Every structure is written in structure tokens, then in C-alpha cells.
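Trainee: I'd like to practise reading burial, contacts and helix packing. Can we go through a model together?

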Amino acid sequence: MPPLSRCIAFLTTLALTSAQTCPDYLDYALEPHGPYSGGRYNLSYQRPRPECRTIQIGDVDAETEIIKGKIADLDLRQLFGNAYPNTLDTAVKWKGYANGTDEELTFLITGDIDAMWLRDSANQMQSYLPNLVPSTKNNSLASLYRGVINLQARYLLTSPYCNSFQPPVESGIPPANNTSASDDTVVPPYNNQSVFECKYELDSLAAFLEISTNYWQSTNDTSFFGKYSWISALEAVLDVADAMRTPTYAANGSVLVSPYTFTRETTRATETLANDGIGNPVQNGTGLIRSAFRPSDDATIYQLFIPANMMFARYLATAADIVDALGSHDALCKRMRDMSCEVRQAITKHGIVNVPGHGQVYAYEIDGYGSQNIMDDANIPSLLSAPFLGYLDRNDSVYQNTRSLILSAQNSYFMRGPVISAVGGPHNGPGYAWPMASIVRIFTSDDDEEILGQLGMILSSTDGLGLIHESVNSFNGSDWTRQWFSWANGLFGQCIIDLSNRKPEILKASFQ
């Protein structure tokens with residue numbers, strides 16, 4: 001056999017062997033593995049073997065080892081080492097090119113479902129911002145970013161009201177079957193060969209702006225945004241945002257046609273919209289953008305969802321800077337900046353309300369008629385995450401009032417208990433706190449005692465597995481949901497890196 005043929009045969013055999021011996025991470029993450037941390041919680045090691053990792057980025061692996069060397073606590077070191085590279089280790093389901101072109105595509109799953117959420121994929125990549133540098137190499141972090149942005153643009157041009165999508169046809173991965181969505185009635189209609197689920201969430205549109213901003217600000221790669229379909233996708237985002245300012249009633253009292261409706265046969269109220277799919281009525285003239293669903297994929301009660309409007313306004317302004325740098329799109333740039341300003345003004349005018357005992361706070365949702373939903377949910381964007389999103393400064397007085405309310409029993413979804421006390425949400429219901437909210441609490445705090453307390457709770461709530469769960473019973477650390485949630489894992493790693501820069505002394509603490 002010629003040398004080249006022998007090489008190809010060897011690589012083929014190696015690939016087949018890996019495919020046969022690499023366990024499904026859904027199963028792998030359920031079991032403890034050595035070497036263990038040796039600390040109080042003796043946390044498991046949870047990284048797949050190198051040949052079983054979905055992609056390996058040397059800069060991220062190097063950063064992981066550097067930060068581990070700064071962490072004194074054995075359990076915290078193990079948890080960071082498992083969590084930070086988790087998306088790269090397990091969730092890059094496919095990476096390649098659009099048919100017949102040099103357009104990079106990255107299909108990124110959030111964990112246990114072979115589908116790509118706009119929100120999750122943007123946040124999963126955000127975890128690696130500390131390591132993002134310009135690169136034209138196809139095995140680089142920059143290439144992964146470009147692939148996610150390009151695929152998100154394709155999705156938005158296909159079905160801009162939808163939130164999660166099927167694998168690209170180029171991947172050869174068959175579409176996933178979503179039994180929950182099989183009988184959904186949605187307007188505008190969609191094709192389930194390209195869409196996994198079509199819940200309209202304003203934060204999904206904002207996520208496209210967010211990942212675009214993150215890539216551009218880290219690489220200054222303006223020319224990338226002039227290629228392929230980014231501008232067209234951006235225009236689709238703006239068209240949806242404009243359309244979703246449509247109120248329920250016209251000036252004469254007649255019911256207007258909603259640009260989006262959604263109904264589902266379900267026993268859960270959070271899985272469908274009231275009033276035959278149009279949602280609860282929304283008043284005209286607020287300037288806010290409707291969102292049918294929250295970032296938890298739960299239905300909004302009042303569609304003027306403040307955290308998503310915050311996120312959209314913030315990243316619309318920075319995405320406008322990309323358009324400005326590209327040139328030749330003055331009208332589009334002005335449209336974006338005007339809308340961002342209008343939404344900010346609307347949040348200040350309508351989204352700030354007075355709550356006895358707390359003063360002026362941001363409402364979670366409003367309807368423009370005076371109805372207010374005073375709460376917060378763990379999923380990002382949340383009110384707690386407003387400084388993390390860059391919408392405002394963490395010392396903002398209204399934010400501080402809001403934060404005080406959110407982290408108290410006044411928030412109906414603030415879960416308290418001996419295992420973990422953190423914001424939860426209706427997605428998993430009362431009693432289940434989300435470690436993601438504890439991580440956001442750390443990001444938005446300058447108080448060492450608060451940060452140490454939250455780190456201790458996170459460490460104590462992995463049930464020894466050494467991964468960040470979706471939610472945990474605040475009274476029973478062995479009762480949790482979702483062993484594989486790569487966004488939350490990456491966010492935790494990002495948080496530890498933030499602390500290593502902002503409060504390095506925290507990493508010297510012991511939780512033993």
C-alpha cells in the first residue's frame with residue numbers, strides 16, 4: 001500500500017475507533033470519574049479524553065491551566081477545570097463550510113439536544129472572549145465565532161421569529177425531532193426541517209447583535225461583516241423588532257393583526273400564549289418591543305419584557321458601530337441608533353416603577369396599561385444581569401434598588417435554602433434555584449463576602465459531579481436538573497477568569 005493510502009487508512013481507523021469508544025457525554029456527565037479533587041466535596045473530573053473532545057483550542061486549554069494554577073481551593077480548581085472548556089469539549093457538534101463557498105459555519109448545541117439556540121450559542125461563545133484574538137486559521141477561536149455568526153445569520157434570514165434551529169444541511173446531521181413542537185400553530189409558519197422550535201424571543205435577536213459585537217470588538221475584523229449575509233440578517237432583525245411594536249388595538253379600538261402568534265397543546269401555561277396565540281393585550285405608544293417568550297423559553301405574562309429590551313438596546317447601539325465602520329450603510333446605521341435610543345428612553349419612562357419598601361425599581365414585565373410583573377428569572381437576560389450586559393453601571397441607584405428586591409423574598413422566584421439560595425423561575429418551578437443566577441450575582445457584585453458566599457453555594461451544589469447544573473433543589477443537593485448545560489459551565493469559567501483579574505485574592509480563599 002502506498003504511504004498516503006496507509007496514512008488515510010490509519011486516520012480512518014482512528015476515527016472509527018474514537019467514534020466507537022467515546023461515550024455519549026449525556027451519559028458520561030451522569031457518572032463520577034477520577035482523578036477526584038481531594039477536597040471537601042471530592043469533585044469528579046468531567047472532561048472527555050482529548051480524542052473525544054469536539055474541538056481543541058490550544059489557547060483555551062493554556063488559559064485553563066494558568067487559571068487553575070491561581071486557585072487555592074481543591075474543589076474550586078476542579079470545578080473550573082471541568083466547566084470552562086465544556087462547550088469546546090462537548091458542544092461543537094459540527095464545523096465546516098457552506099456548500100461551494102469559503103463561508104465558515106459552526107453548529108453549536110447547548111448540551112443534551114441536537115439543536116442550536118441563538119441565545120445559548122452566543123453566550124456559549126462569550127465565555128471565551130478572554131481568549132479571542134484575530135486569526136484566519138480554521139481551527140481557531142476566531143473561526144468558531146465567525147461560523148456561529150454566519151449560521152445565525154442564515155437562521156434569521158430563514159425564520160427570524162424562531163429561537164432554535166436544526167443542523168445545517170451541509171453537516172449531514174439529521175434534523176432532531178421535537179415532539180413538544182410537532183402540533184404547534186405558529187404565524188409566520190416555518191419548516192421543521194430547518195427550525196427546531198419557533199418561540200419568538202426578543203433576546204434571541206439581541207443575541208445575534210451581542211455575538212457580532214463581541215467578535216468585532218475583540219478582533220477589529222470589520223471586513224468579515226461585509227461578506228456573506230450579515231447585513232441582510234441585521235435588516236431582518238430590525239424588521240421583526242419594528243413589527244413587534246404593534247399594539248393589540250388600533251386607535252379606533254379594533255383588534256390589529258399580530259405579526260406573530262403561537263399556540264401549543266399543553267398542560268403548562270408557560271408553554272403557550274393567551275388569547276388564541278396573540279398573548280395578553282399590549283398598549284400602544286410605549287416604544288418598547290414585544291417578546292412572546294422569555295429567555296427561559298417560558299411565555300411572558302406581559303409582553304413588554306424589560307430585560308430583553310435592555311439587552312436589545314445595548315447591543316443594537318454597538319452593532320451600529322460595526323455598520324458605521326463598514327461604510328455605505330448610513331441609513332441602516334441611523335435606523336439602528338435611533339431605535340436603540342428610543343428603546344432606552346422607553347425603558348426609563350415605562351419600565352421603572354415604585355415598589356413600597358424598595359423605591360424605584362425596574363419591572364420585569366409590563367403591558368403599558370399599568371400592569372407590572374415584579375420578579376426576576378435566572379435566565380439571561382434578567383434584571384440582575386443588566387450590568388453584566390453592559391446596559392448600566394452596577395452602582396446605578398435604580399439597579400441597586402432592583403437588585404435588593406430580586407435577592408429577597410419579595411421576588412417570588414428567589415429560592416432560599418441550606419444548599420443554595422438563588423433566583424430560579426417558573427421553567428423548573430418553585431424550590432429550584434439556578435446556579436446561573438449565583439454566577440450573575442458574582443459578576444455584578446464588588447462585595448467580597450457576597451462573592452465568597454455565592455462561590456461556596458455553587459461548589460456545594462454539584463452533587464459531587466463537578467459540573468454546573470441547570471437548577472438545584474435549595475433543600476436537597478441531590479435533586480437537580482440537567483447534568484449537561486454547557487452555557488452555565490462556560491459562564492462559571494468566565495466568572496472565575498473575571499475574578500482572577502478583578503479580585504485575584506478571592507481565588508486564594510479556601511472552601512474546605
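**Reading burial, contacts and packing**

Mentor: Let's start with Thr219, which sits in helix 8 (residues 202-219). Keep in mind that this is a predicted model.

Trainee: Is Thr219 buried or exposed?

Mentor: The general idea is that a residue under 20% relative accessible area is called buried. Thr219 comes out at 9% relative accessibility, so it counts as buried.

Trainee: And which residues does Thr219 contact, leaving aside neighbours within four places in sequence?

Mentor: Leu132, Val133 and Pro134.

Trainee: Let me try Thr136. Where is it, and is it buried or exposed?

Mentor: Thr136 is in the loop between helix 6 and helix 7. The cut-off for exposed is over 50%. Thr136 has a relative accessible area of 78%, so it is exposed.

Trainee: How far is Thr136 from Val423 in space?

Mentor: Their C-alpha atoms are 41 Å apart, with the two positions 287 residues apart in sequence.

Trainee: Now the helices on either side of that loop. How do I read the packing of helix 6 and helix 7?

Mentor: Look at the angle between the axes, taken in the N-to-C direction; over 145 degrees counts as roughly antiparallel. For helix 6 (residues 118-126) and helix 7 (residues 141-158), the axes cross at roughly 165° and come within 11 Å. The two helices are therefore roughly antiparallel to each other. Helix 6 passes helix 7 in a left-handed crossing.

Trainee: Which residues make the contact?

Mentor: On the helix 6 side there are Leu118, Ser121, Ala122, Met125 and Gln126. Helix 7 brings Leu141, Leu144, Tyr145, Val148, Gln152, Tyr155 and Leu156. Sorted by class, that contact has nine nonpolar residues, three polar ones and no charged ones.

Trainee: What about helix 3 and helix 4: at what angle do they pack?

Mentor: Helix 3 (residues 58-68) and helix 4 (residues 74-83) pack at about 170°, and their axes are 10 Å apart. That makes helix 3 roughly antiparallel to helix 4. In the contact, Thr64, Ile67 and Lys68 of helix 3 meet Arg77, Phe80 and Gly81 of helix 4. The class count here is two nonpolar, two polar and two charged residues.

Trainee: And how do helix 9 and helix 12 pack?

Mentor: Angles that fit neither parallel, antiparallel nor perpendicular get called oblique. Helix 9 (residues 230-243) and helix 12 (residues 330-350) pack at an angle of about 40°, with axes 12 Å apart. That makes helix 9 oblique to helix 12. Helix 9 passes helix 12 in a left-handed crossing.

Trainee: Which residues meet there, and how do they divide by class?

Mentor: Helix 9 contributes Ile231, Leu234, Glu235, Leu238, Asp239, Ala241 and Asp242. They meet Leu332, Arg335, Met336 and Met339 in helix 12. The residues of this contact divide into seven nonpolar, no polar and four charged.

Trainee: Can burial be read for a whole helix too? How many residues of helix 15 are buried?

Mentor: You go residue by residue and then count. In helix 15 (residues 435-443), nine of the nine residues are buried, so the helix is largely enclosed by the rest of the structure. Among them are Arg441 and Ser438, alongside Ile439, Val440 and Phe443.

Trainee: Back to single residues. Where is Glu170, and how accessible is it?

Mentor: Glu170 lies in the loop between strand 4 (164-165) and strand 5 (185-187). At 18% relative accessibility, Glu170 counts as buried.

Trainee: What does Glu170 touch?

Mentor: Not counting residues up to four places away in sequence, Glu170 touches Trp94, Tyr97, Ala98, Asn99, Leu105 and Arg154. For polar contacts, you look at distances between N and O atoms. Here a polar atom of the Glu170 side chain lies 3.2 Å from the backbone nitrogen of Asn99.

Trainee: One last case, Asn401. Which element holds it, and what does its side chain reach?

Mentor: Asn401 is found in helix 14 (residues 397-406). Its relative accessibility is 29%, so Asn401 counts as partly exposed. The Asn401 side chain reaches the backbone oxygen of His358 at 3.5 Å. A polar atom of that side chain also lies 3.1 Å from the backbone oxygen of Gln360. Leaving aside neighbours within four places in sequence, Asn401 is in contact with His358, Gly359, Gln360 and Val361.

Key
Residues are numbered from 1 along each chain as its sequence is written. This is a predicted model: local features need pLDDT of at least 70, side-chain atom pairs count only at pLDDT 80 or more; totals for chains, interfaces and linings use all residues. Side-chain values use heavy atoms; hydrogens and water are left out. Helices (H or I, at least four residues) and strands (E, at least two) are DSSP runs, numbered from the N terminus. Buried means under 20% relative accessible area, exposed over 50%, partly exposed in between (1.4 Å probe, protein chains only). A polar contact is a pair of N or O atoms within 3.5 Å; within protein, one must be able to donate a hydrogen and the other to accept it, and residues adjacent in sequence count only if both atoms are side-chain atoms. Contact means heavy atoms within 4.5 Å. Axes are lines fitted to C-alpha atoms, for helices over the stretch in contact, and angles run from 0 to 180 degrees between N-to-C directions. Angles under 35 degrees count as roughly parallel, over 145 as roughly antiparallel, 65 to 115 as roughly perpendicular and the rest as oblique. Ala, Val, Leu, Ile, Met, Phe, Trp, Tyr, Cys and Pro count as nonpolar, Asp, Glu, Lys and Arg as charged, and the others, Gly among them, as polar. A crossing is left-handed if the near helix is turned anticlockwise from the far one by less than a right angle, and right-handed if clockwise.
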